[in-house]
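User: Please take a close look at the packing of aromatic rings in this chain, and then follow the account outward to helix packing and to the local backbone.

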Amino acid sequence: MKEKTLVITGMGAVTPIGIGVSAYWEALVSGHCGIGRITRFDASELPVQIAAELKGFDPADHMPKTLARTMDPFMQFAFVAAQEALEDSGLAIEPEAERIGIVMGTAMDGVTTVAQTQAAYDAGHRVGPRFVPMTIGNIAAAQIAIARGIRGPSLTLNTACSAGGDAIMTAAMLLRAGEADAVLAVGGESILCPIVVSGLSQAKALSRRNDDPETACRPFDAERDGFVIGEGGGALLIETEEHALARGAHIHAVLAGYANTSDAHHVTAPCPDGAGAARCMRRALEKAGMQPSDIGYINAHGTSTPLGDKAETLAVKSVFGGRESAPPMSSTKSATGHLMGAGGLTETIACIKAIQTGTLPPTLHLHTPDPDCDLDYVPNTARPAKISAAMSNSLGFGGQNSSIIVSNYQK
């Protein structure tokens, strides 16, 4: 029996370079970078003092203040992205609330609330009654469900940096299993606190270019020295084609393929030859019924780490061949920083916009060629390109690999 066609009818984005999909996309293609010095707390004594903070975000602009006070920032960002995706989709929740689901992806839940509460407790302050629900990952989805009256399946994934892509895959699995007719895939992340910055810096995962924040994230460049923490939220409403057409929805794209694999190699380092990521991309292509040549663009995981970028390059070459046959690929983390659990959603949105607009977003700050990274990374400037399908890769700690394929929709 032919599998149900799945389509994307709503998109939402909250990023360090723009709040809302339009602002986010315009900033990406214009080459705007959201990385700067940390202002959220005093980072002057830390070895890493830079991040891609969300700027100009006031939760009171998007929700009642009483609600905002009950949510960790990662929940607020996911909530706002979900609201945009639902509004964009035009989906009426009632009378089918029990056939609409939510899948949430996040890497570190409410870690900033945990850190702030521990510091206050050590200083003699009492722990408030909101502490636990502000730190549990699933409460982000619960807050969205409560606000919108969504009563279908609700799941939360903690698969590190692949959580956003895995949320999309899990949503697709629910739809194809007949558990729902529409599922909101959401991601949210905010890990900016001294203890996390210190831990990641000690692990030598972060860039230490404190004197030059804007160019600190330089994926695939020979002088890259680590990733830059970002924060934000992303959301996609995914439906069966039948359900979307029945309600006259505008369809942005087809969710054509998806896959998840494990490296089974190391808790932080990727498999050096990229074998796990390559296997994931192949499985996504098989799921989509596509050949490698059908993919016109790859939104790379591309975090700007020495090991990660090399391994991903090898993985792409294993699946797609060398520079002559592999599609162009870019890392939008050079603009947004690493949004972790939210990145799989926002980067899939970048793929959809690339298909819709015929424009590939660039990899910023790519100036020094690396012999180990020798593909076409769309360096520094956006590029016109007519494409019909694109792939988004998300590769996380623990060897978590996610690949998502989207394509243009034709009736």
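Analyst: The account below begins with the aromatic pairs and then turns to a helix contact, the backbone and a buried helical residue.

The model is predicted, and a search of the whole structure finds two aromatic pairs. One of them joins Phe57 and Phe77 in an edge-to-face arrangement, with 5.1 Å centre to centre and 85° between the planes. Phe57 belongs to the loop between strand S4 (50-51) and helix H2 (65-68), while Phe77 sits in helix H3 (residues 73-89), so this pair ties together parts that are 20 residues apart in sequence. Both Phe57 and Phe77 are buried.

The other pair consists of Phe220 and Tyr377; their ring centres are 4.1 Å apart and their planes lie at 10°, so the pair is stacked, the limit for that class being under 30 degrees. Here distant parts of the chain are linked, 157 residues apart: Phe220 lies in the loop between helix H8 (194-202) and strand S8 (232-240), and Tyr377 in the loop between strand S12 (359-360) and strand S13 (383-384). Phe220 and Tyr377 are likewise buried.

Helix packing is the next topic. Two packed helices are described by the angle between their axes and the distance between the axes. For helix H10 (residues 275-288) and helix H11 (residues 306-320), the angle is about 40° and the axes are 8 Å apart. H10 is therefore oblique to H11, and the crossing of the two helices is right-handed. On the H10 side the contact involves Ala277, Ala278, Met281, Arg282 and Leu285, which meet Ala315, Val316, Ser318, Val319 and Phe320 of H11. By class, the residues in this contact of H10 with H11 comprise eight nonpolar, one polar and one charged.

The backbone also deserves attention. Most residues other than glycine have a negative phi, and most peptide bonds are trans. In this model, the peptide bond from Glu94 to Pro95 is cis, with omega near 10°; Pro95 is placed in the loop between H3 and strand S5 (100-105). Ala160, a residue other than glycine, has a positive phi, near 55°. Ala160 lies in the loop between strand S6 (154-157) and helix H7 (163-176), and its relative accessibility of 18% means that it counts as buried, the cut-off being under 20%. Met340 is not a glycine either, yet its phi is positive at about 50°. The position of Met340 is in the loop between helix H12 (333-336) and helix H13 (343-357), and with 8% relative accessibility Met340 counts as buried.

Helix H7 contains Ala163, a buried residue with a relative accessible area of 0%. Leaving aside residues up to four places away in sequence, Ala163 touches Gly105, Thr106, Leu157 and Gly341. Between Ala163 and Gly187, the C-alpha to C-alpha separation is 7.4 Å in space and 24 residues in sequence.

Gly31 concludes the account. Gly31 is found in the loop between helix H1 (21-30) and strand S3 (36-37), and at 25% relative accessibility Gly31 counts as partly exposed. Gly31 and Arg151 are 40 Å apart in space, C-alpha to C-alpha, and 120 residues apart in sequence.

Definitions and conventions: Residues are numbered from 1 along each chain as its sequence is written. This is a predicted model: local features need pLDDT of at least 70, side-chain atom pairs count only at pLDDT 80 or more; totals for chains, interfaces and linings use all residues. Side-chain values use heavy atoms; hydrogens and water are left out. Rings of Phe, Tyr and Trp (its six-membered ring) pair if their centres lie within 6.5 Å; planes under 30 degrees apart count as stacked, over 60 as edge-to-face and the rest as tilted. Helices (H or I, at least four residues) and strands (E, at least two) are DSSP runs, numbered from the N terminus. Buried means under 20% relative accessible area, exposed over 50%, partly exposed in between (1.4 Å probe, protein chains only). Axes are lines fitted to C-alpha atoms, for helices over the stretch in contact, and angles run from 0 to 180 degrees between N-to-C directions. Angles under 35 degrees count as roughly parallel, over 145 as roughly antiparallel, 65 to 115 as roughly perpendicular and the rest as oblique. A crossing is left-handed if the near helix is turned anticlockwise from the far one by less than a right angle, and right-handed if clockwise. Contact means heavy atoms within 4.5 Å. Ala, Val, Leu, Ile, Met, Phe, Trp, Tyr, Cys and Pro count as nonpolar, Asp, Glu, Lys and Arg as charged, and the others, Gly among them, as polar.
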